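New to this one? Have the sequence and the 3D view open side by side, and let's take a walk through the fold.

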Amino acid sequence: MVITRKLKYDTPRLAMGGIDIGMSKEVKILGLTIDAGLTFNSHVAGACKKAIAIYKHLARSARVSWGLHPEVVRSIYTAVVEPIVLYAASAWAPAVNKLGIRKQLNVVQRGFAQKLCRAHRTVSLHSALLLAGILPLDLRVREAASLYEAKRGLPHSALGDRDIETMTSAMDFPHPAEQTTVEFGSLVDEEQYNNHAFNYDVRIFTDGSKIEGKVGAALSLWDSATEIKSKKLVLPSYCTVYQAELLALQRAAGEALKSEKTTFGIFSDSMAALQTVANPTSPHPLAVETRNALRHCASQNKRVSLFWIKAHAGLEGNERADYLAKEAALRSKRRIRMDTISEWDARYKSGDTASITKIFFPSAAAAYSTVRKIETSSITTQLFTGHGGFSEYLYRFKLRGNPSCLCDPAVEETVPHVIFACPVYARARHEVEQRLEGEKFSPEDIHEHMKKAKTRNIVLDFCKHVISQVIAKNKT
Ligand SMILES: [Zn+2]
């Protein structure tokens, strides 16, 4: 295979033992099909073919009204189908910008999404995805690629630069006469801590953390028994916990410098970081900055004391800093997921399909957390999509002579009509309004009711009741 940017090139002729070796247009390495043009078309086609084969097996045993439970389909989708498609995503992710690739992914996803929410096959992809509570596959491909890059420490640099480890030149050190000796005490148990800690106006706890390749640091500021301030810092994933601990110490010294109070206790559970700060000749830039801040504090007549405390000794402030640092570490992963959801949200909102679904769920981002709390059934999906046993729908697909509702031959029987307007259900609707205790029941505010557990159940009970009756009526 030849990979080149040139439009014109001579195909090399290779021979081994007098026998010509032919050129191939693509090669498969470790399960990734690489083609000469790096389009990855045939790789995606292959992955989709595999996924669709699984779908075909499932389709026979997961019909709309019977068969496999949607949760089983969900497990198969997330554990088998997504991994097949997302395989080596970081290599071919840019290809999802092509319409052809996206269409193939949509075909795979549409079938599963429809099975997941027991929807009719005519339901749009946007509605099906939203009700199934799954994210568009092309966005998942990009997400998988970003996660991989974040793990490798490529972009997403919250702290920005790799200067963190550039040692400070000795030329920049303060004059020996100005060098302050920094000392730190050790508090080995709660009793020692209690004897010291409350001598200070402000106690600052610092911590650093690394989870799943993500690095975070945090500080938590306390005034007697309450936390007055906290800070979370995300570090690039190539950083170490030691660097995170040092960064937290540097920020803690900065907080002391900014504060209007006069006495400060800074508590860290990292002996290594404290020793680096205390050593007047250590050139680590964060240690140098920490010492500078401490020197400025001293010149302002502030008293700042550093302490080593045992990790996980049950000290409230330390536990809190530990928790915050872990949260900060996990934030970069969550941020990537939030990017995916907000892109899905924009795509859903601007799409011209899913008009009935949008009455109940105008935002895909909000719906992503709510739909899981609603038990999916064929009835709820017909309600949320309008695709089902309603005269207007049946007429559209030539399954019924007219689109009218029972109440008036001139009015179409649609979901918004039967739920919000049809006089046949006026009494039950009136009861709903009473149970909502003054909150309005209309197409404009039903999405608000869907967000809260209490009103959601009231509204859904009514809707399911009405929809079941309509569907039953149209079956005869
Ligand atoms: Zn009606």
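What follows is a tour from one end of the chain to the other, with stops along the way.

Before setting off, keep in mind that this is a predicted model. The domain assignment splits the chain into three parts: domain 1 covers 14-152, domain 2 covers 162-332, and domain 3 covers 355-475. If you take the centres of domain 2 and domain 3 over their C-alpha atoms, they sit 57 Å apart.

Let's begin with strand 3 and strand 4. Strand 3 takes in residues 26-29, and it pairs with strand 4 in the antiparallel sense over 4 bridges. One facing pair to look for is glutamate 26 opposite aspartate 35 in strand 4. The two strands make a hairpin with 2 residues between them, and there leucine 30 takes a positive phi near 50 degrees. Strand 4 itself, residues 32-35, is covered on both faces: Leu32 and Ile34 are buried on one side, Thr33 and Asp35 on the other.

Just past strand 4 comes a loop leading to helix 1 (41-61), and phenylalanine 40 is found in that loop. Most residues other than glycine have a negative phi. Phenylalanine 40 is not a glycine, yet its phi is positive, at about 60 degrees. Its relative accessibility is 10%, and the cut-off for buried is under 20%, so phenylalanine 40 counts as buried.

Now move along to the open sheet. It has 6 strands in the order 5-10-9-6-7-8, and the pairing is mixed. At the edges stand strand 5 (184-187) and strand 8 (226-235); each has a single partner strand, so one side of each is left without a neighbour in the sheet. From one strand to the next, the twist averages 25 degrees.

Step inside that sheet and you can see where the mixed pairing comes in. Strand 6 (residues 202-211) runs parallel to strand 9 (residues 263-268), with 5 bridges joining them. With strand 7, strand 6 pairs in the antiparallel sense, over 9 bridges. Threonine 206 is a handy landmark here: it stands opposite serine 268 in strand 9 and opposite leucine 219 in strand 7.

Follow the chain from strand 6 into strand 7 and you go round a hairpin with 2 residues between the strands, where glutamate 212 in the turn has a positive phi of about 45 degrees. Strand 7 (residues 214-223) has 9 of its 10 residues buried, so it is largely enclosed by the rest of the structure. On to strand 8: strand 7 and strand 8 also pair in the antiparallel sense, over 9 bridges. Glycine 216 has valine 234 in strand 8 as its bridge partner. This pair of strands forms a hairpin too, with 2 residues between them, and serine 224 in the turn shows a positive phi of about 40 degrees.

Before leaving the sheet, how buried or exposed is serine 305? This residue lies in strand 10, residues 303-309. Serine 305 has a relative accessible area of 16%, so it falls on the buried side. Its side chain makes a polar contact of 3.0 Å with the side chain of tyrosine 200. Leaving aside neighbours within four places in sequence, serine 305 is in contact with Tyr200, Phe264, Gly265 and Ile266.

The last part of the tour is about helices. Glutamate 392 lies in helix 15, and it is buried, with a relative accessible area of 18%. Residues up to four places away in sequence aside, glutamate 392 touches Pro403, Glu412, Glu413 and Thr414. Cysteine 405 is 13 residues away from glutamate 392 in sequence, and 8.4 Å away in space, C-alpha to C-alpha.

For a contrast, look at glutamate 437, in the loop between helix 17 and helix 18. With 61% relative accessibility, glutamate 437 counts as exposed. It is not a glycine either, but has a positive phi of about 50 degrees.

We finish at helix 19, residues 453-475. Its 23 residues reach 32 Å from first C-alpha to last, close to the 33 Å expected at 1.5 Å a residue. Several of its residues are buried, including Ile458, Leu460, Phe462, Val466 and Ile471. And what covers the buried residues of helix 19? The cover includes helix 13 (364-370), helix 14 (378-385), helix 15 (391-396), helix 16 (415-421), helix 17 (426-435) and helix 18 (446-451).

Note on methods. Residues are numbered from 1 along each chain as its sequence is written. This is a predicted model: local features need pLDDT of at least 70, side-chain atom pairs count only at pLDDT 80 or more; totals for chains, interfaces and linings use all residues. Side-chain values use heavy atoms; hydrogens and water are left out. Domain bounds come from an automatic or database domain assignment. Buried means under 20% relative accessible area, exposed over 50%, partly exposed in between (1.4 Å probe, protein chains only). A polar contact is a pair of N or O atoms within 3.5 Å; within protein, one must be able to donate a hydrogen and the other to accept it, and residues adjacent in sequence count only if both atoms are side-chain atoms. Contact means heavy atoms within 4.5 Å. Two strands pair if DSSP finds at least two bridges between them. Axes are lines fitted to C-alpha atoms, for helices over the stretch in contact, and angles run from 0 to 180 degrees between N-to-C directions. The expected span of a helix is 1.5 Å times one less than its number of residues.
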